[in-house]
Amino acid sequence: TYFEIFNKLSRRDTFFIYLRNSDSPYLKADSSKTVIDSLNFKGYCLFQNAYAGNYFIQIRHFNTVETWSKPGGVSMLFTDTAYYDFTSSVSQAYGNNQKLIGGKYCLFSGDLDQNGIIDASDMSRVMNDSYNGLTGRFLISDVNGDGIVDISDVVIVNNNTGVSAVNP
C-alpha cells in the first residue's frame, strides 16, 4: 500500500515480472522476481532469455490485480538498463488499470485468490481474517501491509470490488 503522506510503500515487497510477446497469444518470453523498494519504488530485474524487441510487461503480486504495461508494448533493447515506471501515469498500465493515490498510480489491492477479479470470495476471506484478528508478516489478506488484518483491509477490498485484470 502506498502512503501518500509519507511518500512511501508500507513495506518492501516481492513482485514477479513477466515479459510477454507483444503479438497474440502473448507468450511469456522471460521472467524475473524482484523486490520493490518502499522508498524509491524501484525493482531491478534481470532478463536472460529474451531477445531485443517489443514486449508487454506483466506484473504479479500475491494480493493485487495483475497489471500489464501500456498498449503496444515496450521496446526492450537489452544493451543497457531499461526503465519502466508504472507509477507515473495511468496510461502506463494496459486499460488504464491503476488507481491514483496522491501523485502515484498504484495497483489495485484485493485479488487474494489471484483469479483476476476482486470479488466476494476475496471479500469473504479478508472479512473472516479481520474477524479473527489475524496478525503477522506477509499475510495475503493484509492488503495494506501493516501486519494486522482489520477493518482497514476490508475497506480497501470493498472499495476495489469489481476491479479485474485488463490485458490484451
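# A walk around two helices

At 36% relative accessibility, F138 counts as partly exposed, because that value falls between the limits of under 20% for buried and over 50% for exposed. Please keep in mind as you read that this is a predicted model. F138 sits in the loop between α1 and α2, so let us use this residue as our doorway to the two helices. There is something to notice about its backbone too: F138 has a positive phi of about 55°, although it is not a glycine. If you look for E66, you will find it 72 residues away from F138 in sequence, while the C-alpha atoms of F138 and E66 are 18 Å apart in space.

Now step back along the chain to α1. How far apart should the ends of helix α1 be? Helix α1 covers residues 120-131, which is 12 residues, and at 1.5 Å a residue they should span 16 Å. The end C-alpha atoms of α1 are indeed 16 Å apart, so the expectation and the model agree.

Which residues of α1 are buried? They are D122, M123, V126, D129 and S130. These residues cover an arc of only 135° around the axis, which means that they lie on the same side of α1. The face turned away from this buried side carries the exposed residues A120 and Y131. Part of the cover over the buried residues of α1 comes from α2, residues 151-160. Just after α1, you meet G133, which takes a positive phi of about 65°.

Next, look at how the two helices sit together. Two packed helices are described by the angle between their axes and the distance between the axes. Here, the axes of α1 and α2 come within 9 Å and cross at roughly 170°. Because an angle over 145 degrees counts as roughly antiparallel, α1 is roughly antiparallel to α2. On the α1 side of the contact you can pick out D122, M123, V126, M127 and S130. They meet I151, D153, V154, V157 and N158 of α2. Sorted by character, the residues in this contact are 6 nonpolar, 2 polar and 2 charged.

Let us turn to α2 itself. Where on α2 are its buried residues? First, here are their names: D153, V154, V157 and N160. Their arc around the axis is only 140°, so they share the same side of α2. On the face turned away from that buried side, α2 carries the exposed residues I151 and N159. The cover over the buried residues of α2 includes β8, residues 99-101, as well as α1. After α2 comes G162, whose phi is positive, near 100°.

Finally, let us visit two loops elsewhere in the chain. In the loop between β7 (74-76) and β8 you will find N96. This residue is not a glycine, yet N96 has a positive phi of about 55°. N96 counts as partly exposed, because its relative accessible area is 42%. The other stop is P25, in the loop between β3 (13-21) and β4 (28-36). What kind of peptide bond joins S24 and P25? The bond is cis, with omega about 15°.

Conventions. Residues numbered from 1 in each chain as written. Predicted model: local features only at pLDDT ≥ 70, side-chain atom pairs only at ≥ 80, totals over all residues. Heavy atoms only, no water. Helix = DSSP H or I, 4+ residues; strand = E, 2+ residues; numbered from the N terminus. Expected span 1.5 Å × (residues − 1). Buried < 20%, exposed > 50% of the residue type's maximum accessible area, 1.4 Å probe, protein only. Arc of directions from axis to C-beta. Contact = heavy atoms within 4.5 Å. Axes fitted to C-alpha atoms, helices over the stretch in contact; angles between N-to-C directions. Parallel < 35°, antiparallel > 145°, perpendicular 65-115°, else oblique. Nonpolar A, V, L, I, M, F, W, Y, C, P; charged D, E, K, R; others polar.
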